[in-house]
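Hi,

Here is the structure I promised to pass on. Have a look first, then read my notes below.

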Amino acid sequence: MKFNWGTGIVLAFIGFISFIMYFVITMSTNEKYNHDLVTEDYYKQELQLQNNIDSEQNSKKLKEDITWEKSEEGITITFPKDLNISNITGKVFLYRPSNKQFDFETPISLSNHNLLIPDNRLLDGRWNIIIDWQYNKIPYRYKKEIIY
């Protein structure tokens, strides 16, 4: 068999295609390379998008918005002082972008205007905090990326 430039090009194409197919199959079948969506119920959350936008707009109309502060005990979330705490309901969702195993949700239960997320539930690094809450049946939403 004679080896010329045409044979070299064909062998180069075959080698390149084999190389690409190896990586496609490896990435598709190996559990180490996890390809999950950000959330399990992505499409359900997409349908709630306009409600979320309206809730965020309601939050901007408040005199004072929710604030948060890092403390030795954890994260202290402070609700507006001019609101009656017995009428505040909702939930706090903390989302860890690097690992969904650490995501958790906490119901809002206030004895004063502060809510404490304990330090033992939080790892150092980036968190997305989403607070969906209602006051007198009006929905509000606070969304922030924080570094703990």
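In strand β2, residues 74-78 are joined to β5 by 5 bridges, and the two strands run antiparallel. One pair to look for is I75, which stands opposite I117 in β5.

A word on the source: this is a predicted model. The mean pLDDT of the protein is 87. A score of at least 70 is reached by 95% of the residues. Helix α1 (residues 5-29) has the highest confidence, at 93. Helix α2 (residues 42-47) has the lowest, at a mean of 80. As a rule, coordinates should not be read in detail where pLDDT is low.

**The sheet around β2**

β2 belongs to an open sheet of 3 strands. The order is β1-β2-β5, with antiparallel pairing. The edges are taken by β1 (67-70) and β5 (114-118). Each has a single partner strand, so one side of each lacks a neighbour in the sheet. From one strand to the next, the twist averages 20 degrees.

**The other sheet**

A second open sheet has 4 strands, in the order β4-β3-β6-β7. Its pairing is antiparallel. Here β4 (104-107) and β7 (138-147) stand at the edges. Each of these pairs with a single strand, so one of its sides is left without a neighbour in the sheet. Ignoring direction, neighbouring strands are turned by 15 degrees against each other on average.

Within this sheet, β3 (residues 88-95) runs antiparallel to β4, and 4 bridges join them. For a concrete pair, take L94: its bridge partner in β4 is F104.

**One residue to inspect: N128**

N128 lies in strand β6, which covers residues 126-135. Is N128 buried or exposed? N128 is buried: its relative accessible area is 15%, and buried means under 20%.

What does the side chain of N128 reach? There is a polar contact of 3.2 Å between the side chains of N128 and R126.

Setting aside neighbours within four places in sequence, N128 also has other contacts. They are F93, L94, Y95, P97, K144 and E145. Of these, L94 is the residue whose bridge partner in β4 is F104. F93, L94 and Y95 fall in β3 (residues 88-95). K144 and E145 fall in β7 (138-147).

If you open just two spots, I would pick the I75 and I117 pair and the surroundings of N128.

Best wishes

Definitions and conventions: Residues numbered from 1 in each chain as written. Heavy atoms only, no water. Pairing = 2+ DSSP bridges. Axes fitted to C-alpha atoms, helices over the stretch in contact; angles between N-to-C directions. Buried < 20%, exposed > 50% of the residue type's maximum accessible area, 1.4 Å probe, protein only. Polar contact = N/O pair within 3.5 Å; in protein donor to acceptor, adjacent residues only side chain to side chain. Contact = heavy atoms within 4.5 Å. pLDDT = per-residue confidence, 0-100.
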